[in-house]
Amino acid sequence: MPVRWLHLSDIHESKRDGHLRRRMYANILEEVKRQNPPDLVFLTGDLAFAGKESEYLSLECDFIAPLKELLPRETPIFMVPGNHDLDRERSTNPRAWFEKPGEAERFQSTGDQGAIFRKDVLLPRFAAYSAFDRRTSAWGSAWLESEAGSVSWSQKIGSTQVAVVGLNTAWLSHDDHDWGKLTPGRQMIDAALSAADKANPDLLFVLGHHPIEALVGDGDDSDGQRFRERLKQKKAIYLHGHRHATATGRIGYEARSALTIQAPSAYQAHDKPRWRNGLIWAEARPAEGRAVLEPRIWNEETSEYNWDIGAGYEADQIKGQQAFAVALPGSAPPVSVETPMFAAPEGWEIVDGADIQKIRADPPSREMMAAFFDGFNPTWRLALAENVKPRAIMERLTARLRVAHGGASRPIVLLLSGAGGEGKSTAVLQTAADLLCASDQHWICLHRHAAFATAPQDFLANLPIRSGVAWLIAADDADNIGEALILALKSLGPRTDVHLLLAARDSEWQAKHLAPGRWAQVADFHVETLRGLSLPDARRIVEGWAAWGDDAMGKLKGSDVETASKTLVGLAYDLAARPQEGALLGALLGARHGDDMRGHVRKLLLGLSPEPVVGKRSLRDIYVMVAAMHAENQLYLTHAVLAGAAGCEVNELEAKALRVLRREAMLDAGDTYVLTRHRRIAEEACAVLREENYDIDQWYPVLARTALRRSLAGLPTPEIGAWRIELPEYFVGEEGRWPVAREIAKALYEAAPADVHRAAVYSSILRRTGCPALAMRMLRDRIGKLPVDRGLFYEWSSVAGAIGEAGIDAWSAGKSLADDKELLSPKQCKLSLSGAAAAFRSLFKMQADRRFLVAEVACGRLGMALDERDDKATRIFEGSIRLGVHHGVPKLSSEVLVDAIRSAVVLGSYEIEAREDQAFFEDAFGDPENFSYRQLLELTRAG
């Protein structure tokens, strides 16, 4: 006979949203009226918001009592507490004593001592909840105060013997950092399950508030894995809440399995897209070996509960019904049990424990190992070579995945993140090998051996299902398939025998916008960051070097392990502050090659052919473009821009150049940006080439021009801001590199000669790098050949001021402020007023004409009236105002101040009356007598 139940969770009763909350309770009651009555009702925690007695009294009056009136008299209501069901005002940190010897055992105990201890230390926090539970639930006991610390109930419903177990997963709840630190108590779990066993149930429900994952910690005292195994042994249905969303998951395989069902929040917020209130109707059909789930979600638009179609997998939907079917514990999953053949996608390989043994039986040569220690991209043979000891992070990765084998409620995705050269690739291979060779678990690995291999949407769903076997999907540089993996996981259906181990540079992962929230609907996502080097890890590395002989030890030959390890750690510490650079690889290179690092890099460069391999570019040219950018920490060179600079397509660049350079351990394998293996290598490569008089700086303008042309052609160039602004400004900030800044600015200008902004930027960089006269010639040459705007006239005034042409400075600054079809923005107004103030001050010093002084003061007072923030302009304005005070310039109206500026611009233009190029400037700027400043007046009045 089917057993039907209603599952509610996370009601969060409080005074907040008073009448809206009452209305939601009424909506739930209406839903109960419309449905067939349940045999059981489950409330899985967070029934109140702050564990206050007043909250439980309100909940009882407004919801529980009316609900009982609607239900058949024999329908029991069972509940357990959540982390909001404790009164935190009565709380000390329960985990503070849990770590003390003996205290954890006292808490766990199901005897007198345990009950007394929990009553004295923990139960005061649950006092209001406990009283509510005794009044309203069907448990029939003050179970939180009992020796068992848990509770069980059993009864026959029709022909089905049902048992229900209640656990308090919130015993140790304290703050927002509870995850992984909670337990319902291992002895309390066993006590309740043993009591339920006596009824020999056909159907066993276990109630808790938190998902199992919240109970799995890193320490030996973690009870999460034990709890998971108990659920599998008892073929239990674990009902919980906490995450405010509907979800189901299968733990284990067929005869040894459990089912988890997560309820949404019954009331979290009113009419908020992020928080969708809901509930679950469900029915167990033991004769069919399945449960039918009807998740419901509140629709504020239609004011009714709708089927929550997103709460399950499409493959589980029952044809013609708004419901999902899932296998009951101990029953086969509703998918094919065995797929006879599986072909790995192109660029992927299937690896099992036997393959690992064969790889280990064929060790690499000493020369190969020396190259590996210098940063050669790892392969299975290199990573698993004898005496290459795994770092500590491998143990953490392996432990997480071992817990997932046969015991995860959904796929696990582990991302190993960090800078390039931190050892991520090696750690992935070593972790996979450790799992594949485990004697107590059976894993098969699908490994991506080609950096650019794709991930077809159905490739995970097509993996064979084999009893007791879990699949590990291992992929390095996983940022380039992150989106595809999310889609593949969505297509996986209810399977929980597939888990992912990924590695990626953190910068490239972020560039692809693969935030943890993107994975939440399809998997449990965790990030492990590999950064820096500990002394124990350094010892493992050095012991590996020593085992491979003097060639592997390099400059550390003859050093004992402890000395060499401390040297390695010291180098890693020095490098750790460099962003996006792997401290490990930098330290390895420094320790092994010492002061001869440049000689090592020189050998690598000499091995690069000078003959063209793509277009007119040689391998050396391609490598130098990459090294030049990386050495200056400009980390945004993409494959597309590099291919454009080389005069070829990306595929040709990859096949003929990048693949070769990676094979020589000279390039990183990242997909988003092209980088050398390490910035230290890039710096030394540039130094070697400069010693040979190779012009490295020639490539910066070539790359910048290529990027801009791609952008202008409408091709995707998300880094265009860095090429247009960051790159030239970087070299402006290095006085010895000013010629490079000028060449980059020129290349960008020549790529878009009709772009007035590019002309202004080119002029600005010429001016700021000691060539204002050249800037003036460029501006004079371009006038009439490109559209002009206020920004260009402002730049012209700055150039004129830099070469001592105060009259042209005032005239062009006035033009940048004058009325025109282009509106005067507050930002431009403030810039132009600061430029005009400097021009008028120069003219006052030259001529001692008080009208220029008054005009400068006018610029200061009008500029300070603007809200636009510009610290440099503000300092100029404050200085002008102080000068006015010193010279007794009175306070004047805005109209008089604007008129003072107009007059000074006209006077300034007289400075070039006798020059032969006067007509040129009149054509360029217009007659200052005709300038109008209505917009300036309106802006400064408004300010």
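At what angle do helix H32 and helix H35 pack, and how far apart are their axes? In this predicted model, H32 (residues 826–847) and H35 (residues 894–909) meet at an angle of about 55 degrees, and their axes lie 11 Å apart. Angles from 65 to 115 degrees would count as roughly perpendicular and those under 35 degrees as roughly parallel, so H32 and H35 are oblique to each other. Their crossing is left-handed.

It is worth picking out the contact residues in your viewer. H32 brings Leu833, Phe840 and Leu843 to the contact, while H35 supplies Ile901, Ala904, Val905 and Gly908. By character, the contact residues of H32 with H35 comprise six nonpolar, one polar and no charged.

Now let us turn to a sheet. Six strands make up an open sheet with mixed pairing, in the order E14-E16-E17-E18-E15-E19. Strands E14 and E19 are the edges, each pairing on one side only. On average, neighbouring strands here are turned by 20 degrees against each other, with direction ignored.

Within this sheet, E17 and E18 run parallel and are joined by five bridges. If you would like a residue pair to look up, try Leu472, whose bridge partner in E18 is His499. In general, strands of a sheet pair through backbone hydrogen bonds, either parallel or antiparallel.

Here are four of the strands with their residue ranges:

| Strand | Residues |
|---|---|
| E14 | residues 348–351 |
| E17 | residues 469–475 |
| E18 | residues 498–505 |
| E19 | residues 524–529 |

Technical notes:
Residues are numbered from 1 along each chain as its sequence is written. This is a predicted model: local features need pLDDT of at least 70, side-chain atom pairs count only at pLDDT 80 or more; totals for chains, interfaces and linings use all residues. Side-chain values use heavy atoms; hydrogens and water are left out. Axes are lines fitted to C-alpha atoms, for helices over the stretch in contact, and angles run from 0 to 180 degrees between N-to-C directions. Helices (H or I, at least four residues) and strands (E, at least two) are DSSP runs, numbered from the N terminus. Angles under 35 degrees count as roughly parallel, over 145 as roughly antiparallel, 65 to 115 as roughly perpendicular and the rest as oblique. A crossing is left-handed if the near helix is turned anticlockwise from the far one by less than a right angle, and right-handed if clockwise. Contact means heavy atoms within 4.5 Å. Ala, Val, Leu, Ile, Met, Phe, Trp, Tyr, Cys and Pro count as nonpolar, Asp, Glu, Lys and Arg as charged, and the others, Gly among them, as polar. Two strands pair if DSSP finds at least two bridges between them.
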